[in-house]
Amino acid sequence: MKIAIIGVTGRAGSRIAAEALRRGHSVTGIARSTSQAAPAGVDLHQGDATQPEQLAALIRGHDAVVSAAQFRVLKAAPLLQAVKSAGVQRLLVVGGAASLEVAPGVILLDSPDFPAEYKVEAVPGKQFLDDLRAETAVDWTFLSPPAMFAPGERSGKFRIGRDQLLADEKGQSQISMEDYAIALLDEIEQPKHLRQRFTVAY
């Protein structure tokens with residue numbers, strides 16, 4: 001498949017690109033600056049994803065687009081506009097954990113001990129998901145990581161959930177970016193969560 005990844009030089013984007021290449025897919029990388037290296041094998045392009053016309057030109061002809069951009073930078077509206085203009089049917093978004101439920105009807109973002117410094121990214125992340133849920137023309141998928149999301153090992157072993165924050169028997173909610181990338185590529189290759197959010201964790 002031909003997969004375009006926005007934010008390909010970032011921590012999550014680079015690991016998603018590496019997993020896609022490992023599986024034999026063709027990867028176009030899009031970054032605001034090409035001064036940072038992308039994984040070997042990525043066709044890297046400088047581009048501003050907040051500009052729909054510019055982004056549409058870069059993603060046209062691809063089977064899927066993955067957005068690993070920060071929510072404080074890239075909103076849903078211009079991204080969806082570019083995807084529709086380019087005629088790409090599949091959009092996958094590296095989501096956040098803040099919109100996951102920690103109790104019935106209560107999301108992590110609204111818990112009293114949610115760190116204030118994380119809200120600059122978490123609040124627009126929740127809005128991004130809300131905007132996607134109103135979208136009916138594009139086959140989108142929003143994959144929320146658990147509370148702890150960092151580089152680590154590629155084990156291929158994890159659990160899949162829907163809208164609730166997943167934690168292990170010790171109360172830890174975590175996954176490596178490498179295993180997250182496996183889950184995302186699995187969803188690209190065999191879609192099971194079209195126009196849905198899902199989550200993964202150990």
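This briefing walks through the strands, nonpolar cores, aromatic pairs and salt bridges of the structure above. Please keep in mind that the model is predicted. It holds four aromatic pairs and 12 salt bridges, and the largest nonpolar core has 26 residues. Several of the side-chain pairs below join parts of the chain that are distant in sequence, such as Arg154 and Glu19, 135 residues apart.

**Strand β1 and its partners**

- A good place to start is β1 (2-6), where four of the five residues are buried, so this strand is largely enclosed by the rest of the structure.
- β1 runs parallel to β2, and five bridges join the two strands. Within this pairing, Ile5 sits opposite Gly29 of β2.
- Together with α1, the strands β1 and β2 build a β-α-β unit that is right-handed.
- β1 also pairs with β4, again in the parallel sense, over four bridges. Here Ile3 has Ala64 of β4 as its bridge partner.

**Nonpolar cores**

- Which residues have the most contacts inside the largest nonpolar core? They are Ile59 and Leu91, in a core of 26 residues.
- Six elements each supply at least two residues of this core: β1, α2 (52-59), α3, β5 (90-94), α4 (119-133) and β8. The largest share comes from α3, with six residues.
- Another core, of 25 residues, lies apart from the largest one; Phe149, Leu184, Leu185 and Phe198 are among its members.
- If you would like to look at Ile59 up close, set aside its neighbours within four places in sequence, and its contacts are Ala4, Ile30, Val65, Ala82, Val83, Ala86 and Val88.

**Aromatic pairs**

- The structure holds four aromatic pairs, and two of them are described here. One is the stacked pair of Phe71 and Phe142, with 5.9 Å between the ring centres and 15° between the planes.
- Phe71 belongs to the loop between β4 (64-67) and α3 (76-86), while Phe142 belongs to strand β8 (residues 139-144), so this pair ties together parts of the chain 71 residues apart in sequence.
- Both Phe71 and Phe142 are buried.
- Phe114 and Tyr118 make an edge-to-face pair, with centres 6.4 Å apart and planes at 75°.
- Are the two partners of that pair buried or partly exposed? Phe114 is buried, at a relative accessible area of 13%, whereas Tyr118 is partly exposed, at 49% relative accessibility.
- Phe71 and Phe142 also share one aromatic cluster with Phe128.

**Salt bridges across the chain**

- Among the 12 salt bridges is the one between Arg154 and Glu19, whose closest N and O atoms are 2.8 Å apart.
- This bridge links distant parts of the chain: Arg154 is in the loop between β9 (148-150) and β10 (159-161), Glu19 is in helix α1 (residues 11-22), and 135 residues separate them.
- The burial of these two residues is worth a look: Arg154 is partly exposed, with a relative accessible area of 37%, but Glu19 is buried, at 4% relative accessibility.
- Arg23 and Asp186 form another salt bridge, with 2.8 Å between the closest N and O atoms.
- Because Arg23 lies in the loop between α1 and β2 (26-31) and Asp186 in helix α5 (residues 177-189), this pair ties together parts that are 163 residues apart in sequence.
- Arg23 is partly exposed, with a relative accessible area of 26%, and Asp186 is partly exposed too, at 34% relative accessibility.
- How far apart are N and O in the salt bridge of Arg72 and Glu121? The distance is 3.0 Å.
- Arg72 sits in the loop between β4 and α3, and Glu121 sits in helix α4, so their salt bridge connects parts 49 residues apart in sequence. Arg72 is partly exposed, at 42% relative accessible area.
- Finally, Glu19, Arg23, Arg154 and Asp186 come together with Glu189 in a network of salt bridges.

Definitions and conventions
Residues numbered from 1 in each chain as written. Predicted model: local features only at pLDDT ≥ 70, side-chain atom pairs only at ≥ 80, totals over all residues. Heavy atoms only, no water. Phe/Tyr/Trp six-rings, centres within 6.5 Å; stacked < 30°, edge-to-face > 60°. Buried < 20%, exposed > 50% of the residue type's maximum accessible area, 1.4 Å probe, protein only. Core = buried A, V, L, I, M, F, W, Y, C linked by side-chain atoms within 4.5 Å. Contact = heavy atoms within 4.5 Å. Salt bridge = Lys/Arg side-chain N within 4 Å of Asp/Glu carboxyl O. Pairing = 2+ DSSP bridges. Right-handed = clockwise from strand over helix to strand, strands pointing away.
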